[in-house]
Amino acid sequence: MDNLNRTIDIKFLNKLNLVLASLFFSIMTVCVKKIDARIPVYELVFFRSLISISITSFIIKKRKINPWGNNKTLLVIRGLLGTLALLSIFYAIRNMPLSISTVIQYTYPIFISIFASIFINEKVTKNIFFGLIFGWLGILILLNPNQLADLNLEISNKSVSIAFLGAISTALAYVTVKKLSYNEDVFVIIKYFPLVSLIVLSPYVIFNWTTPNLFELIWIIGIGIFTQLGQTFLTIGLKNMQASEASSINYLQVVFASIWGILIFEEIINIKFILGSILVLFGTYISTSKISKKI
């Protein structure tokens, strides 16, 4: 009985970690949306990485962990994927309503189902096919010209494409984190993300520097803090759950983003948005609900 209770407690804590990750990531998107467009997206990611690596390096030093890890190649790949995902996500958030950009971002569990079967040996059933149908039907409802006209919105194809690039990059990063979590410390995995970002983005920031004002700096610090919190809880949660199973819990970020969109940015949500969102989330749910580990 004690072992059963302990197992239940561990499962609850894992799920709680992912719920908290969704909350903090959603608050991070609010910070991004609040910053004036004159600050380039790559500079926002650079600042976010600077804050994150400072916090993570302090924790690693205090815990006396080997800061470089074991599988350096895969750690660097994880950093590159995370950088690409964050650049794409920040761009989409800035150029689209927060609610819609988040819904598109949350097509990534469908991509996780595909990539997990290829890279980390998670078996995918025919549910992925039906998941794709429901997911894309939901996206078509959300991005239908008549629907956008009803919401008084104009969204470019470029913004939509970059939003999907963010979802694909996120899925690949998820799978990479899961694979690394078998042999790497949580904070080493987290550290490589901002480390690679800083190396890649430094030339762009140095030669195209834009000085943020005090108001923008506060929101930039918020990006770093809330992304760090989200990344920490996400990595801890992923360590003890299947990548596909864990991703389904993070749908809560769509709910959080819709709430922030309405309350903070006065975004309009109608019945078609709700229907499209439900179809996307239902598609991602059924695409991951029947995934099992190959024997």
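Which residues does S49 touch, not counting residues up to four places away in sequence? In this predicted model, S49 touches P194, S197 and L198 once those sequence neighbours are set aside. S49 belongs to helix α2, which spans residues 41–63. The relative accessible area of S49 is 0%, and the residue is therefore classed as buried, the limit being under 20%.

The overall architecture provides the setting for this site. The protein chain contains 13 helices and two strands. Of its 295 residues, 54% are buried. Among contacts between residues at least 6 apart in sequence, 93% join residues at least 24 apart. The chain exposes about 13900 Å², and carbon and sulfur atoms supply 68% of that area.

The interior was examined next. The largest nonpolar core comprises 59 residues, and those with the most contacts inside it are L44, F90, M96, I100, I104 and I223. Helix α8, formed by residues 157–180, gives the most to this core, contributing eight residues. Apart from this core lies another, made up of 12 residues, including I60, L74, V188 and I190. For I104, the contacts beyond four places in sequence are with M96, I139, L143, A163, F164 and A167.

I104 is also one of the buried residues of helix α4. This helix covers residues 98–105, and because eight of its eight residues are buried, α4 is largely enclosed by the rest of the structure. The buried residues are L98, S99, I100, S101, T102, V103, I104 and Q105. Two of them, I100 and I104, are listed among the residues with the most contacts inside the largest nonpolar core.

Helix α8 also packs against helix α5, which spans residues 108–119. The axes of α5 and α8 come within 8 Å and cross at roughly 45°. This angle makes α5 oblique to α8, because it lies outside the ranges that count as roughly parallel (under 35 degrees) or roughly perpendicular (65 to 115). The crossing of the two helices is right-handed. On the α5 side, the residues that meet α8 are Y108, F111, I112, F115, A116 and F119. Their counterparts in α8 are A167, I168, T170, A171, L172, Y174, V175 and K179. A167 of α8 is thus found in the contacts with α5, and A167 is also touched by I104.

Several pairs of residues that are distant in sequence were then considered. S22 is located in helix α1, residues 2–34. With a relative accessible area of 1%, S22 is buried. The C-alpha atoms of S22 and V254 are separated by 8.6 Å, although their positions lie 232 residues apart along the chain when counted as sequence separation. L80, in helix α3, is partly exposed, with a relative accessible area of 44%. Leaving aside neighbours within four places in sequence, L80 is in contact with V196 and V200. L80 and A173 are 93 residues apart in sequence, and the distance between their C-alpha atoms is 8.7 Å. I271 is found in helix α13. At 64% relative accessibility, I271 counts as exposed, since the threshold is over 50%. The C-alpha atoms of I271 and Q147 are 10.0 Å apart, with a sequence separation of 124 residues.

Finally, the backbone was inspected at two loop positions. K64 is placed in the loop between α2 and α3, the latter being residues 72–95. K64 has a positive phi of about 55° although it is not a glycine. Its relative accessibility of 78% means that K64 counts as exposed. E266 lies in the loop between α12 (252–263) and α13 (271–288). E266 likewise has a positive phi of about 55° without being a glycine. With a relative accessible area of 67%, E266 is exposed.

Key. Residues are numbered from 1 along each chain as its sequence is written. This is a predicted model: local features need pLDDT of at least 70, side-chain atom pairs count only at pLDDT 80 or more; totals for chains, interfaces and linings use all residues. Side-chain values use heavy atoms; hydrogens and water are left out. A nonpolar core is a set of buried Ala, Val, Leu, Ile, Met, Phe, Trp, Tyr and Cys residues joined through side-chain atoms within 4.5 Å. Buried means under 20% relative accessible area, exposed over 50%, partly exposed in between (1.4 Å probe, protein chains only). Helices (H or I, at least four residues) and strands (E, at least two) are DSSP runs, numbered from the N terminus. Contact means heavy atoms within 4.5 Å. Accessible areas come from the Shrake-Rupley method with a 1.4 Å probe; for residues, only the protein chains shown count as cover. Axes are lines fitted to C-alpha atoms, for helices over the stretch in contact, and angles run from 0 to 180 degrees between N-to-C directions. Angles under 35 degrees count as roughly parallel, over 145 as roughly antiparallel, 65 to 115 as roughly perpendicular and the rest as oblique. A crossing is left-handed if the near helix is turned anticlockwise from the far one by less than a right angle, and right-handed if clockwise.
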